[in-house]
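Colleague: I would enjoy a close look at one part of this model with you. Could you walk me through the side-chain contacts there?

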Amino acid sequence: MISAYENSKWEPVKWENDMHCAVKIQDKNQWRRGQIIRMVTDTLVEVLLYDVGVELVVNVDCLRKLQENLKTMGRLSLECSLVDIRPAGGSDKWTATACDCLSLYLTGAVATIILQVGREENNTTWPLPVKIFCRDEKGERVDVSKYLIKKGLALRERRINKLDNSHSLSEKSLKVPLEQEDSVDINCIKTNFDPDKKAADIISEHQVSELQEKILEPRTTRCYKPPTIPNMKVFEATVSCVADDGTIFVLPKPSEFELIKMTNEIQSNLKCLGLLEPYFWKKGEACAVRGSDTLWYRGKVMEVVGGMVRVQYLDHGFTEKIPQCHLYPILLYPDIPQFCIPCQLHNTTPVGNVWQPDAIEVLQQLLSKREVEIHIMKPRSDYDKKYEEEQWEIRFEELLLSETETPLLPPYLSSSLPPPGELCAVQVKHVVSPNEVYICLDSVETCNQSNQHSDTDDSGVSGESESESLDEALQRVNTKVETLPPLTDFRTEMPCLAEYDDGLWYRAKIVSIKEFNPLSILAQFVDYGSTAKLTLNRLCQIPSHLMRYPARAIKVFLAGFKPPLRDLRETRIPYCPKWSMEALWAMIDCLQGKQLYAASMAPAPEQIVTLYDDEQHPVHMPLIEMGLADKDEQ
């Protein structure tokens, strides 16, 4: 590689994904064979050095075409994976801590690698399943897989075949229904990697058959039986939990032993569940849940939010939000009714007809895990379909109340720049990248006055003057912002008031919903151009009289310069990688604290301007002189 490329010169090449190349490692002055993973920018490329297994981002100046004679030799590195372990924490991805620990322990070490390919397996499995042994500080031979388990970074996992769709049940497979017309076989096979494996670790055919009979039902039966109410007016029970809606879940004393017995059987039987293929959960669907204590329970899906699922532990009553990987779409002992019975206090109505958090907290402290005597006054089933529909009707009616309705307002008026060729004094309010900024006219106060608007807003509150400026109107609104109704309509471009970091409220508009749990909104401050991710308590409806003022911030693109063709700086703007962070800070220095003037080059919607300082010099010239930008002649 050195003799072939030491004196080579860079030539322009149109690099594409998966192309082979020679890569120069600058700090080591070495040449390595590589393969293009992706084009980061026009000048930066992510490559895989496949002879050493390293991925890195380099400048195109460091790349050369790989000679044909160097492609004939196979890769010098092998891609391997440790067998019999999986990531800890319930995720299917390894944590950064586990990766760092493995890298620290193995990088540069001399290790013994044992291929774990059985007689019945294809010896071309990729990545290669292996066990790795190396010496520790004491010189003792250490199994790296066991080391990760000992550190709490991995969990042991029995080897099983991957799930495959089938309509038959083999002698050593467990049939798990996923669809009405399809099924999935989870094959539990004896492995020949560990001949001394204890018999207790191998699931017998009798156990599989017994487990199939006990816990599995066709997909058409997707719910557990409701709890059985004791046939007596008074019975003893233990309070399992108190829900947020005031429902008290109790476990009858005679059922406690049966619940413990069933839970133990579930743990002993559910040891051969494999990795679940992508599955779409539905609200109300029954399932098996692996709790935070690593035990399996019977559950029910209450809500699906992104990659998380809110589930209810049916035999205990409480709910929890957990990752989807902790759920499995099977029914456990479907013939056994739920053990936990939901109850409500007779003739007890919370203040305001809604249980407040402090009241729930009192109930939880008073009742949780206590033995109580239950007097049945009026049997009522929470599993009655009609009752659930009534609850939904109430929720929908509440959404239609007048106090929760956000009036639909038109978009903000736009500020406009003078015709092309005319200079106007401006202020830069927000910098997105070196050539994309938000500006406002210095004379914006005159643009904020409206001559055709009543001095009484829609709510009938009068007091603002027609000549009142936007700053004065906002100052007055900030004194009574707690009286404004909350925002309930989150459609894109929806006008609103938003709280900034300084504690004051400014005009804004909705950009998007950023997160759902908890709900957070990306809003843009229309008079400044900046954006912020805000929770609901930092958003409220905007008084209609504030809509008469045009939005001050004008998004413009700066003419006269462009990103440099060759830029070796590694620190890039994350959302705009064609520019370096150094160029961004340099542009901010050029704009800060200066009287600036703008000359429009192109009209809306994509407004292009040239910015000048008070001496009529283009503000971007220092960036070109420092090599942070190239001159744009267009």
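Colleague: Is Lys555 buried, partly exposed or exposed?

Modeller: Happy to take a look, bearing in mind that this is a predicted model. Lys555 is partly exposed, because its relative accessible area is 38%, and buried would require under 20%. Its salt-bridge partner is Glu436, with N to O at 3.4 Å. Glu436 lies in strand S25 (residues 436-441) and Lys555 in strand S31 (residues 554-558), so this salt bridge ties together parts that are 119 residues apart in sequence. Glu436 has a relative accessibility of 16% and therefore counts as buried.

Just before that strand comes another contact. Arg552 forms a salt bridge with Asp471, and their closest N and O atoms are 3.1 Å apart. Arg552 sits in the loop between strand S30 (539-540) and S31, while Asp471 belongs to helix H9 (residues 470-478), so parts that are 81 residues apart in sequence are tied together. Here Arg552 is buried, with a relative accessible area of 8%, whereas Asp471 counts as partly exposed at 38% relative accessibility.

Further along the chain, Asp567 forms a salt bridge with Arg572, with 3.3 Å between the closest N and O atoms. Asp567 counts as buried at 1% relative accessibility, and Arg572 is buried too, with a relative accessible area of 12%. Beside Asp567 in the sequence, Arg566 places its charged end over the ring of Trp10, 4.1 Å from the ring centre. These salt bridges are among the 17 that the structure holds. Elsewhere, Lys253, Glu256 and Glu371 are linked in a network of salt bridges.

Since you are looking at side chains, the aromatic rings deserve a word as well. The structure holds eight aromatic pairs. One of them is Tyr5 with Trp31, a stacked pair with 5.4 Å centre to centre and 25 degrees between the planes. That pair links distant parts of the chain, as Tyr5 is in helix H1 (residues 2-5) and Trp31 in strand S2 (residues 30-39), 26 residues apart. Tyr5 is buried, at a relative accessible area of 3%, and Trp31 counts as buried at 9% relative accessibility. In the pair of Tyr500 and Phe525, the ring centres are 5.3 Å apart and the planes are at 90 degrees, so this pair is edge-to-face. Tyr500 counts as partly exposed at 38% relative accessibility, while Phe525 counts as buried at 2%. Both belong to a cluster in which ring pairs link Tyr500, Tyr506, Phe525 and Tyr528.

Note on methods: Residues are numbered from 1 along each chain as its sequence is written. This is a predicted model: local features need pLDDT of at least 70, side-chain atom pairs count only at pLDDT 80 or more; totals for chains, interfaces and linings use all residues. Side-chain values use heavy atoms; hydrogens and water are left out. Rings of Phe, Tyr and Trp (its six-membered ring) pair if their centres lie within 6.5 Å; planes under 30 degrees apart count as stacked, over 60 as edge-to-face and the rest as tilted. Helices (H or I, at least four residues) and strands (E, at least two) are DSSP runs, numbered from the N terminus. Buried means under 20% relative accessible area, exposed over 50%, partly exposed in between (1.4 Å probe, protein chains only). A charge sits over a ring if NZ of Lys or CZ of Arg is within 6 Å of the ring centre and within 35 degrees of the ring normal. A salt bridge is a side-chain nitrogen of Lys or Arg within 4 Å of a carboxyl oxygen of Asp or Glu.
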